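Me: Could you take a close look at one residue for me, and then set it against the rest of the chain? Here is what I'm looking at.

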Amino acid sequence: MIIVMVPNATEEQILEVVRRLEDRGYGHHISRGVERTIIGAIGTPEDPGLAEQLSRLSGVERVMPILKPYKLVSREHMPDTSPVKVGEFVFGRQKVGVIAGPCSIESREQLMETAEAVKAAGAIALRGGAFKPRTSPYSFQGLGREGLELLAEARQCTGLPVVTEVMDQRQVELVAQYADALQIGARNMSNFDLLREVGRISKPVILKRGYASTVEEWLQAAEYVASEGNLQIILCERGIRTFEVATRFTLDLAGAVVAKLETHLPVIADPSHATGNHKLVNAAAAACIAAGLDGVMVEVHPHPDRALSDGPQSLTPKRFCTLMETLRAVAAAVGREV
Ligand code: PEP
Ligand code: MN
């Protein structure tokens with residue numbers, strides 16, 4: 001079972017839970033997040049009597065039996081979608097959020113031009129990769145720290161919060177100094193040490209689905225982040241690998257809806273990586289909003305033909321404006337707003 005302590009539970013209250021567990025022969029694992037402490041009871045069988053007893057202790061918010069492989073992120077225990085803030089925007093509410101920007105930060109001019117354009121069109125956050133997970137070690141790997149500094153400058157100029165990927169556990173502290181939300185890329189969805197590390201900070205995490213991962217594995221990855229105390233998680237479906245090669249990946253729209261049904265976390269999608277083709281992004285993004293997802297993240301580049309990564313799937317600022325118009329109409333049709 002999992003014991004969730006109230007925010008600011010005292011050390012004495014935590015120790016009392018541990019003592020009761022030990023008395024009944026259970027081990028324990030304590031995760032101390034910035035927001036709250038979560039205690040996992042290690043041992044079997046699940047003891048409903050003990051759960052009942054623990055739930056009455058002061059400092060305990062709730063005690064949850066483990067029925068599913070994910071718990072804290074499950075909708076069973078939190079029926080309403082959790083709001084997750086990125087800057088001033090709240091994901092998981094009536095408004096759907098569009099995050100946009102280049103795949104990689106390449107230069108000040110490229111980033112500023114994109115940032116101004118996506119802001120003017122209605123994006124709520126700027127994305128841009130500084131540390132890039134490239135399939136080939138010889139491809140452009142990103143500007144690293146310089147890219148983070150450019151992102152901070154773009155935030156300063158436009159007021160848009162910034163989203164960027166963190167690839168390595170050792171970079172979490174650095175990236176968190178600059179980013180308003182940290183992206184965990186598809187290739188790192190199962191990097192459990194990295195997941196735990198971002199679970200220990202108090203910034204939102206955009207957790208992409210691994211392209212060879214099931215929905216259940218994706219939700220367990222989110223549980224890793226949550227188990228360390230950080231429940232500010234947005235799930236992002238970004239396409240999975242199937243036999244189909246007409247598109248770069250296959251957008252698993254139904255899988256994303258399953259995630260929405262199963263968890264209380266906001267779910268968004270990335271139609272750029274899912275399709276790999278700018279001509280398909282509009283249709284895929286529209287489908288995501290029609291299906292009830294909480295937003296999309298798309299790649300935009302002022303000159304896609306010159307992009308150092310993912311040019312073929314990047315929208316020009318003009319195409320991005322068209323996309324926003326489409327999304328406004330689709331959102332209105334399903335009782336939401338962009
Ligand atoms: C990206 O967002 O640029 C990216 C690399 O995404 P993914 O991890 O989904 O491939
Ligand atoms: Mn990309």
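The part I'd like to hear about is Val-6: where is Val-6 found, and which residues does Val-6 touch, leaving out those up to four places away in sequence?

Reply: Sure, let's start with Val-6 and work outwards. One caveat up front: this is a predicted model, so local features need pLDDT of at least 70 and side-chain atom pairs count only at pLDDT 80 or more, while totals for chains, interfaces and linings use all residues. As for bookkeeping, residues are numbered from 1 along each chain as its sequence is written, chains are lettered from A and ligands numbered from 1 in the order in which they are written, and side-chain values use heavy atoms, with hydrogens and water left out.

Val-6 is found in the loop between strand E1 (2-5) and helix H1 (11-23). Those labels are DSSP runs numbered from the N terminus: helices are H or I with at least four residues, strands are E with at least two. With a relative accessible area of 27%, Val-6 is partly exposed; buried means under 20%, exposed over 50%, and partly exposed in between, using a 1.4 Å probe and protein chains only. Leaving out residues up to four places away in sequence, Val-6 touches Arg-36, Gly-59, Val-60 and Glu-61, where contact means heavy atoms within 4.5 Å. Arg-336 is another story: Val-6 and Arg-336 sit 330 residues apart in sequence and 33 Å apart in space, C-alpha to C-alpha.

Now for the domains. The assignment gives domain 1 (2-64) and domain 2 (84-333), with bounds from an automatic or database domain assignment. Their centres, taken over C-alpha atoms, are 35 Å apart, yet nine residues of domain 1 are in contact with eleven residues of domain 2.

His-278 makes a handy counterpart. His-278 is found in helix H10 (residues 278-290) and, at 19% relative accessibility, counts as buried. Beyond four places in sequence, His-278 touches Pro-312, Gln-313, Ser-314, Leu-315 and Arg-319.

Zooming out, the protein has eleven helices and 14 strands. Its radius of gyration is 21 Å, close to the 20 Å that the globule rule gives for 338 residues, so the protein is as compact as a globular protein of that length. That radius is taken over C-alpha atoms, and the rule is 2.2 Å times the number of residues to the power 0.38. Buried residues make up 54% of the 338, and the C-alpha trace spans about 65 × 40 × 35 Å along its principal axes.
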